[in-house]
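Subject: Structure for you to look at

Dear colleague,

I am passing on the structure we spoke about, and I would be glad if you could open it beside this message while you read.

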Amino acid sequence: MRNNIRVERAVLKMIQQQLADRVGQTINAMELNKYVPSTVLALKIASVFGKSVQDIFILEGSDWIR
C-alpha cells in the first residue's frame, strides 16, 4: 500500500510533527511505506486532510495477493 501523506501535508504546509500531534502517531514510517496504519489512524489522517481514506491510501496489486 502506498500513500499520499507527504503530498497532502505539502498542500497544507504542514510538517510531520504537526500531523503527528494531531493524530497521536509518528508519521515518518508511514510516509516511507514501512508502516501500515490501523483503520482508526487512517481515518484520523484522512479527516485532517478533509479527504477520504481512499484518497490518501492506495492499494497496490501485491496487496491483493495473500
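What follows is a short account of the salt bridges, and then of one further residue.

Please keep in mind that this is a predicted model. The count of salt bridges comes to three, and I will take them in turn.

In one of them, the side chains of Arg 6 and Glu 31 meet, with 3.2 Å from N to O. Because Arg 6 lies in helix α1 (residues 5-11) and Glu 31 in helix α3 (residues 28-31), this pair ties together parts that are 25 residues apart in sequence. Glu 31 also forms a salt bridge with Arg 9, where the closest N and O atoms are 2.5 Å apart. Since Arg 9 is in helix α1 while Glu 31 is in helix α3, that pair ties together parts 22 residues apart in sequence. Arg 6, Arg 9 and Glu 31 are thus linked in a network of salt bridges. Within this network, Glu 31 counts as buried at 8% relative accessibility and Arg 9 is buried at 11%, whereas Arg 6, at 46%, counts as partly exposed.

There is also a salt bridge between Lys 51 and Glu 8, whose closest N and O atoms are 3.7 Å apart. This pair links distant parts of the chain, 43 residues apart, with Lys 51 in the loop between α4 (39-49) and α5 (53-56) and Glu 8 in helix α1. Lys 51 counts as partly exposed at 38% relative accessibility, while Glu 8 counts as buried at 11%.

Finally, Gln 18 is found in helix α2 (residues 16-23) and, at 38% relative accessibility, counts as partly exposed.

Best wishes

How values were computed. Residues numbered from 1 in each chain as written. Predicted model: local features only at pLDDT ≥ 70, side-chain atom pairs only at ≥ 80, totals over all residues. Heavy atoms only, no water. Helix = DSSP H or I, 4+ residues; strand = E, 2+ residues; numbered from the N terminus. Buried < 20%, exposed > 50% of the residue type's maximum accessible area, 1.4 Å probe, protein only. Salt bridge = Lys/Arg side-chain N within 4 Å of Asp/Glu carboxyl O.
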